[in-house]
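I opened a new notebook page for this one. Here is what I looked up, entry by entry.

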Amino acid sequence: MAAYSSLTSPISTWPVANYISSVAYQKNHNTLNSSMFQSPIRHKKLMSRLRCSNINGYSSKTTAVSLQPEEELKTEKQQRKVAVTGMGVVTPLGHHPDVFYSNLLEGVSGISEIEGFDCSKFPTRIAGEIKSLSTDGWVSPKHAKRADKFMLYILTAGKKALADGGVTEQINEEFDKIKCGILIGSAFGGMKTYHEGIEASKISYKKVRPYTIPYATTNIGSAVLAMDLGWMGPNYSISSACATGNSCILNAAHHIIKGDADIMLCGGSDAAIIPAGLAGLVAFRALSGRNNDPTKASRPWDTDRDGMVVGEGAGVLLLEEMEHAKRRGANIYAEFLGGSFSSDAYNIVEPHPDGLGIVSCVEKALTQSGVAREDVNYINAHASSTPIGDLIEYQALMQCFGQNPELKVNSTKSMIGHLLGASGAVEAVATVMDREVLVGSKKERFEIKVALSNSFGPGGHNSSILFAPYKQI
């Protein structure tokens, strides 16, 4: 695992202030079609866990665990490690991790003029927009026709993560479904669905579609994905604004560490590039106005940055208990070391001026994961190209890591924009996908020790997660 970069936001050594610059890229868009679980999988009736010791091929230890001494339980849980065994994405730079990563390495920008609706009267007319997506083989025709895009992104990226992890229908049938969970969240949920419901209700309540409410809720993607797979473990969504993806990944890992689950699909999704969404972000005064130069519009840390560029998509990781992954011969991309949350408790829009919440989050993540700060030599920063946010994160990282000459920092958002609730998950995929090559003003070999990925959200939500290359013992 190594770190990638975007040239609009070059990989750097400390301090960041020495390298802020911006380089343009050409537009590119890639799609990848595949198939898996073409029709929903109906789970078989499961015997009561109190009455059986084996469910769908995996041993259930409920009774045995209940008889173990407390100290043995603590030891067993402490030994449970978390592996990343699969990844799926739907992004402005492609819908497969390899395509997505290749475009990052080649310096392709996913930011362009919005085509999904007429935005000629908006002051911002650019975004990291997904121009096309085939859900064939991933989403049932019923959902493909009715569902909001954020839900379609979840189902597609989620099943692609399973395919990437080598989980075929046969292997899925062998899993202990009680120990399989899904935690994929969203900042905005089915925004288009909800907006259409409001408009229909202005004509008559009878015009509102029956599925308006369920398709608008943030949990619907996790719920329907579980129905398709028959997974009966922990299943819910988290919404913590732009920290959503990281929040879901960290909580999913906790379920595995505690023994609630052996395998979890986790991440985030958002699809807010609609008139109401764009209007709200314009009113929020968060967006760049560089309509004539879209590939240079998102420029984290640049002295001329003027705001973020909104994007859309989804990122899903397949997390698995390490020994469970080894037993089934899974390909292990990386080890998930841990992370932390914090709150600025300061302002709805702006981060705390002294960066205390960010510092607290990063330091707790290091402490709770048992990682020495000097071992962190790559950071995928939140850096969304906002004048205040980028500076405060930089100052916080300086406080946490000091003058570390080995530390490299970049921001995926310079390439794809800010994917809101999906940003942390997509950036986690990018971090894990790294192949020992860093791309800045030039490509260079680099050996990652520990990688840190930050995500922060309006309202003061902070999240930091840590990954390390998997070293087979």
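**Entry: one turn of H7**

I began with Glu 196 and Lys 192, which both sit in helix H7, four residues apart, or about one turn of the helix. I should jot down right away that this is a predicted model. The side chains of the two residues meet in a salt bridge, at 2.5 Å from N to O. Buried or exposed, I wondered about Glu 196? Glu 196 is partly exposed, with a relative accessible area of 36%. Lys 192 counts as partly exposed too, because its relative accessibility is 38% and the class runs from 20% to 50%.

A reminder to myself: side chains of opposite charge can pair when their charged atoms come close.

**Entry: Tyr 194 and the nonpolar patch**

I stayed on helix H7, where Tyr 194 is also found. Which residues join Tyr 194 in a nonpolar patch on the surface? I found Ile 198 and Ile 213, and the three together have about 300 Å² of accessible area. Tyr 194 itself is partly exposed, at a relative accessible area of 48%.

**Entry: Arg 209 and the positive patch**

Next I followed the chain to Arg 209, in the loop between helix H7 (191–203) and helix H8 (212–216). Arg 209 is part of a positive surface patch, along with Lys 142, Lys 145 and Arg 146. I looked up its cover as well: Arg 209 is partly exposed, with a relative accessible area of 35%. Patch members need over 30% relative accessible area, so Arg 209 at 35% clears that cut-off.

**Entry: counting salt bridges**

How many salt bridges does a search of the whole structure find? The search gives 17. I picked out a few to look at.

One of them links the side chains of Lys 326 and Glu 323, at 3.6 Å from N to O. Both residues lie in helix H12 (residues 322–327), three residues apart, which is about one turn of the helix. Lys 326 is partly exposed at 38% relative accessible area, and Glu 323 is partly exposed at 40%.

Another brings together the side chains of Lys 413 and Glu 427, at 2.8 Å from N to O. Why does this pair tie together parts that are 14 residues apart in sequence? Lys 413 lies in helix H15 (residues 413–416) and Glu 427 in helix H16 (residues 423–433), so the salt bridge spans that stretch. I checked the cover on each partner. Lys 413 counts as buried, at 1% relative accessibility, and Glu 427 also counts as buried, at 1%.

I also noted a network: salt bridges that share partners join Glu 115, Glu 129 and Lys 131.

**Entry: Arg 299**

Where is Arg 299? I found Arg 299 in the loop between helix H11 (275–283) and strand S9 (313–321). Arg 299 counts as buried because its relative accessibility is 9%, and buried means under 20%. Its side chain reaches the backbone oxygen of Lys 296 at 2.9 Å.

**Entry: Trp 138**

Last on my list was Trp 138, in the loop between strand S5 (126–127) and helix H4 (141–146). Trp 138 is buried, with a relative accessible area of 1%. I also looked up the spacing to Ala 157, which is 19 residues away along the chain. The C-alpha atoms of Trp 138 and Ala 157 are separated by 8.7 Å.

Notes. Residues are numbered from 1 along each chain as its sequence is written. This is a predicted model: local features need pLDDT of at least 70, side-chain atom pairs count only at pLDDT 80 or more; totals for chains, interfaces and linings use all residues. Side-chain values use heavy atoms; hydrogens and water are left out. Patches are made of residues with over 30% relative accessible area and no salt bridge: like charges are joined within 9 Å, nonpolar side chains (Val, Leu, Ile, Met, Phe, Trp, Tyr) within 5 Å. Accessible areas come from the Shrake-Rupley method with a 1.4 Å probe; for residues, only the protein chains shown count as cover. A salt bridge is a side-chain nitrogen of Lys or Arg within 4 Å of a carboxyl oxygen of Asp or Glu. Lys and Arg count as positive and Asp and Glu as negative; His and the chain ends are not counted. The place of a charge is taken as NZ of Lys, CZ of Arg, CG of Asp or CD of Glu. Helices (H or I, at least four residues) and strands (E, at least two) are DSSP runs, numbered from the N terminus. Buried means under 20% relative accessible area, exposed over 50%, partly exposed in between (1.4 Å probe, protein chains only). A polar contact is a pair of N or O atoms within 3.5 Å; within protein, one must be able to donate a hydrogen and the other to accept it, and residues adjacent in sequence count only if both atoms are side-chain atoms.
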